[in-house]
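Please look over the chain shown below with this briefing at hand. It moves from the chain as a whole to one helix and then to one tryptophan.

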Amino acid sequence: MPKLDGIHHVTCITADAPRNVDFYTRVLGLRLVKKSVNQDDPTVYHLFYADESGSAGSDITFFEYPGVRRGRAGAGMIHTVEWRLGSDEALDFWQERLAGEAGAVARDDHGLEFEDPEGLRHRLVVSTVDDTPLLAEHPEVPAEHALQGFEAVRAFSADPEASAGVLEQTLGFGAQGTGEWEARGPSRGGRYVFDEPPTDRGVGGAGTVHHVAWSSPMDEHETWHRRVVEAGLRPSPIIDRFWFRSIYFREPSGVLFEIATLGPGFGVDEDVEHLGEALILPPAFEHLRTQVEPILTPLPDPRPWATAR
């Protein structure tokens, strides 16, 4: 049975791309590695933030729907994105840095939680695995304190057992305890955790997670599609997103899953030194440039410190 190589990316929704760029680059120290459009709705941005190379496993992305209402995570939705840090000293650094920049900052014995400007919840934890740290460069964030890539996503589900068979038997996740699983492949791992849902119904919108993607080598992608079909999960066809290929389906709790390939990668159409600087459209969308470029929200320079060097 093939193994998924941890979390590939997490895609979310924002109503305010300029503020989103400021928070994820200036405050969290991530790199904007691709500025493109939603390939299912090319009138809106798709922004990708990651480590210095745009690696799978560190890539949080956002669709911008200007002015969309703020959402609220509920049953069948991911509510928290967990990131790895290298030490307790890094937790100290982020507790101080996030004060005044993020909402609901709270520390406990195991990590540090906070919300982005639109209420999307994040959690920082000290890594306990040997996976390669995936770091971005930022003048105010020492490398030893930088975010190191994804640790987990946490979702709300009233019935984790309904998902257990698919997670373990179809997708090859390893059970880690009640309501917790790990997808671990040859080079990386990532956890998927269920929590008891709130009584309020979830509402999609700004500050919510749209889907989570899991990593597959290119040569195993068709095998994964076949496995998902055989499990009766009614996946999408394999879709070519140019920088990776994608399969979409919902696991039994209702969370939208994607299986995305490890490649070709974001360097296929941009020099790595200049990732995220220009609006990049996949070849199939290039003919729309004159239509979409004028209606996209102007964005701040994501790396003014690099421009000034």
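**Overall fold and two local views**

Contacts between residues 24 or more positions apart make up 70% of the contacts in the protein chain that have a separation of 6 or more. The model is a predicted one, and its protein chain is built with 6 helices and 16 strands.

**The chain as a whole**

- For 309 residues, a compact globule would be expected to have a radius of gyration near 19 Å, and the value for the protein chain, 18 Å, agrees with that expectation.
- Taken along the principal axes, the box filled by the C-alpha atoms of the protein chain is roughly 50 × 50 × 40 Å.
- Of the 309 residues in the protein chain, 56% count as buried, and the accessible surface comes to about 13300 Å², with 48% of that area belonging to carbon and sulfur atoms.
- The protein chain carries 28 positive and 50 negative side chains, yet the centres of these two sets lie 3 Å apart.

**Helix α4**

- Helix α4, which covers residues 221-230, has His221, Trp224, His225 and Val228 as its buried residues.
- When the helix is viewed down its axis, the buried residues of α4 fall within an arc of 100°, and therefore they line one face of the helix.
- The face of α4 that is turned away from this buried side carries Glu222 and Glu230, both of which are exposed.
- The packing partners of the buried residues of α4 are the helix α3 (160-170) together with β13 (209-216), β15 (245-250) and β16 (256-261).
- Just after α4 comes Gly232, a residue that takes a positive phi of about 75°.

**Trp181 and its surroundings**

- Trp181 belongs to strand β11, which spans residues 180-184.
- Trp181 counts as buried because its relative accessible area is 3%, whereas the cut-off for a buried residue is under 20%.
- Once the neighbours within four places in sequence are left aside, the residues in contact with Trp181 include Pro160, Ala164, Leu167 and Glu168, and the stretch from 160 to 170 is helix α3.
- Also in contact with Trp181 are, among others, Phe173, Gly174, Ala175 and Gln176, as well as Gly190, Arg191, Tyr192 and Phe194.
- Glu115 lies 66 residues from Trp181 along the chain, and the C-alpha atoms of these two residues are separated by 24 Å.

Note on methods:
Residues numbered from 1 in each chain as written. Predicted model: local features only at pLDDT ≥ 70, side-chain atom pairs only at ≥ 80, totals over all residues. Heavy atoms only, no water. Helix = DSSP H or I, 4+ residues; strand = E, 2+ residues; numbered from the N terminus. Rg over C-alpha atoms; globule rule 2.2 N^0.38 Å. Buried < 20%, exposed > 50% of the residue type's maximum accessible area, 1.4 Å probe, protein only. Contact = heavy atoms within 4.5 Å. Areas by Shrake-Rupley, 256 points an atom, 1.4 Å probe, with all protein chains shown as cover. Lys, Arg positive; Asp, Glu negative; His and termini not counted. Charge placed at Lys NZ, Arg CZ, Asp CG, Glu CD. Arc of directions from axis to C-beta.
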